[in-house]
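Me: Could you take me through the ring geometry here, with the cut-offs spelled out?

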Amino acid sequence: MPGISRRTLMRGGGVLLGGGALLPAAACSRLSAPTWDVVVIGAGITGLSAARNLVDHGWSVVVLEARDRIGGQLHTDHSFTSVPVELGAGLIHGRDAYTWELVEESGADTARVRGGSGGGTRIDTDSPPLDVEDAAAYLRRTGVPESDWPPVSIDNEPLDRWSATWMHRHDLFDWWAASRANYRVVDGYDRVLEPLADGLDLRLSTPVREVRRIRSGVELAAGPDGEEVFRADHCVLALPLGVLKAEDVRFDPPLPTSHRDAIRALDTTDALKLVYEFDRPVLPDGPDALGWEPGADFVFWRLSSGASEVVVAWASGPSARDLLAREEDERFAIGLAALSDVLGEDLPDPVARTTHDWAADRYSRGAYLYVPPGAHDAPAALAAPVDGVLHFAGEPTTGENTVEGGYANGYDLTDQLIAEL
């Protein structure tokens, strides 16, 4: 999906401080409870970019992250094979993606994914949809043949689960079908996080349990038992929608009805990557991606080739939910059988395999977001500040579920906060 606006990292003049501060949870106690200008909840791409922008403008910031690593759903496994494997976000979409400046800043190496670049018929969407209309019903009503429908289900949910108004408002009917090159970061997508995290006050393994709005700003109870206290004038909440829906973070007083309704109205899709390593090449020479077409249960792409080969099987939406309802061994067997069917030949048993269940991940509770029928105004409602101190960020406030979108939003939100104060 398209992003919001481009931001360029401030460079030089001591802006990027040496040596990121990855502090253990015990570094802050209830007795000290220092106060910051801003506390950021979540060290995914949005939380990191928000913190980076604020710190580069001289604000005092602490970032609280529940996991023992940064990145959120950008999760690179460097231990599985001889090549880094992306268990979450994996691609840079197009040469104009905002994250190319992070690639340049970090010195990361990239490679184009041959194949899977989209391309299709542009859709005439001059006729506006009805507010409660789903995208499939809208396309049928306006006479667009199904053969021309955008391949939304490859990445997310089928069109009958999407808000037509949202897709129309953000020019998304043409996005999935547009031709664009995809790229992967050869030495690991997490490389692009380095210039954002450099020098930040990062508190890992510090889940936030409660956010209290107090007279002077906010007070957060964090840590495994909520025993640590953090105080700040403002709080940026860069949390996944699934975590907000599960109410894993308590709010005192409760969030306004508008924000609670927005959280309920939005939804998350399911997505699953099954990663296999074979002791010989199995995909034919040519495209790195296979099955990139509407209706396919899996998309396959090659991560590396040589004496051995690493192949990813990707499923989303209903296909992913069917797999997630099964035992892990069965998921891998189904993916392997589907790859064998696509190639028209029997395959050797993989020498290694790995996956990550984002639906079962307590700090994610789902893959990424989509906007259902009738929920087209929910992201904007959630983006409205609460009492001038709580500022929600990321895909629940934008409907944007790419790395570059999260990166841009962290800067956009904090640019506005800096300008207002």
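Reply: Happily! A charge sits over a ring if NZ of Lys or CZ of Arg is within 6 Å of the ring centre and within 35 degrees of the ring normal. The model is predicted, so local features need pLDDT (the predictor's confidence in each residue, from 0 to 100) of at least 70 and side-chain atom pairs 80 or more, while totals for chains, interfaces and linings use all residues. Residues are numbered from 1 along each chain as its sequence is written, and side-chain values use heavy atoms, leaving out hydrogens and water.

Me: Which ring does the charged end of R95 sit over, 3.9 Å from its centre?

Reply: That is the ring of W100. R95 also lies over the face of Y183, 5.4 Å from the ring centre.

Me: Why is the pair of F251 and F392 called tilted?

Reply: Rings of Phe, Tyr and Trp (its six-membered ring) pair if their centres lie within 6.5 Å; planes under 30 degrees apart count as stacked, over 60 as edge-to-face and the rest as tilted. Here the centres are 6.1 Å apart and the planes at 45°, so the pair is tilted.

Me: What makes F251 and F392 buried?

Reply: Buried means under 20% relative accessible area (exposed is over 50%, partly exposed in between; 1.4 Å probe, protein chains only). F251 has 16%, so it is buried; F392 has 3%, so it is buried too.

Me: And why is the pair of Y407 and Y411 edge-to-face?

Reply: Their centres are 5.5 Å apart and their planes at 80°, so this pair is edge-to-face. Both Y407 and Y411 are buried.
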